[in-house]
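Visitor: I've never looked at this one before. Could you walk me through it?
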Amino acid sequence: MPNSKIKEFTFKNLNILLSSNIEEIKKILEKYFEIEETKAWEDVFFIKGKKIKTKVKTEETLKYEGTNHSN
């Protein structure tokens, strides 16, 4: 820093992916995606998935289809 000043601070890295492994991430994703493929190379991993249609959206669609919005 200017004038030879020293500033100390604590750095916290809150990135969840740095402290997680592929199995933990897959558990989280399986709620929303159908896992199609996984690959792992040392500390790097690849997960391919297809989004699952949620039950809530299906129920909402059925509810609105049965409603008559005419005057």
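Visitor: How many helices and strands are there in the protein chain?
Guide: Before we count, keep in mind that this is a predicted model. From the N terminus on, the elements run α-β-β-α. That gives two helices and two strands.

Visitor: What share of the residues in the protein chain is buried?
Guide: A residue has to be under 20% relative accessible area to be called buried. The protein chain has 71 residues, and the buried share of them comes to 6%.

Visitor: And the surface: how much of the area that the protein chain exposes do carbon and sulfur atoms supply?
Guide: Start with the total, which is about 7400 Å² for the protein chain. The part supplied by carbon and sulfur atoms is 53%.

Visitor: What about contacts in the protein chain: of those with a separation of 6 or more, what percentage comes from residues 24 or more positions apart?
Guide: Here we set contacts with a separation of 6 or more as the whole pool. Within that pool, residues 24 or more positions apart account for 5%.

Visitor: Which residue forms a salt bridge with E37?
Guide: Side chains of opposite charge can pair when their charged atoms come close. A search of the whole structure turns up one salt bridge. Its closest N and O atoms are 3.4 Å apart, and the partner of E37 is K39.

Visitor: Are E37 and K39 buried, partly exposed or exposed?
Guide: Partly exposed is the range between under 20% and over 50% relative accessible area. E37 has 29%, and K39 has 38%. Because both values fall in that range, E37 and K39 are each partly exposed.

Visitor: Which residues make the nonpolar surface patch?
Guide: The patch covers about 310 Å². One of its members, F46, sits in strand 2, which spans residues 44-51, and has a relative accessible area of 34%, so F46 counts as partly exposed. The full membership is W41, V44 and F46.

Visitor: Leaving aside neighbours within four places in sequence, which residues is F46 in contact with?
Guide: Contact asks for heavy atoms within 4.5 Å. Among the partners of F46 are E37 and K39, the pair that forms the salt bridge. Put together, the list for F46 reads E37, T38, K39 and W41.

Visitor: One last thing: what distance separates the C-alpha atoms of F46 and I22?
Guide: Along the chain, F46 and I22 are 24 residues apart. In space, their C-alpha atoms are separated by 8.5 Å.

Methods. Residues are numbered from 1 along each chain as its sequence is written. This is a predicted model: local features need pLDDT of at least 70, side-chain atom pairs count only at pLDDT 80 or more; totals for chains, interfaces and linings use all residues. Side-chain values use heavy atoms; hydrogens and water are left out. A salt bridge is a side-chain nitrogen of Lys or Arg within 4 Å of a carboxyl oxygen of Asp or Glu. Buried means under 20% relative accessible area, exposed over 50%, partly exposed in between (1.4 Å probe, protein chains only). Patches are made of residues with over 30% relative accessible area and no salt bridge: like charges are joined within 9 Å, nonpolar side chains (Val, Leu, Ile, Met, Phe, Trp, Tyr) within 5 Å. Accessible areas come from the Shrake-Rupley method with a 1.4 Å probe; for residues, only the protein chains shown count as cover. Helices (H or I, at least four residues) and strands (E, at least two) are DSSP runs, numbered from the N terminus.
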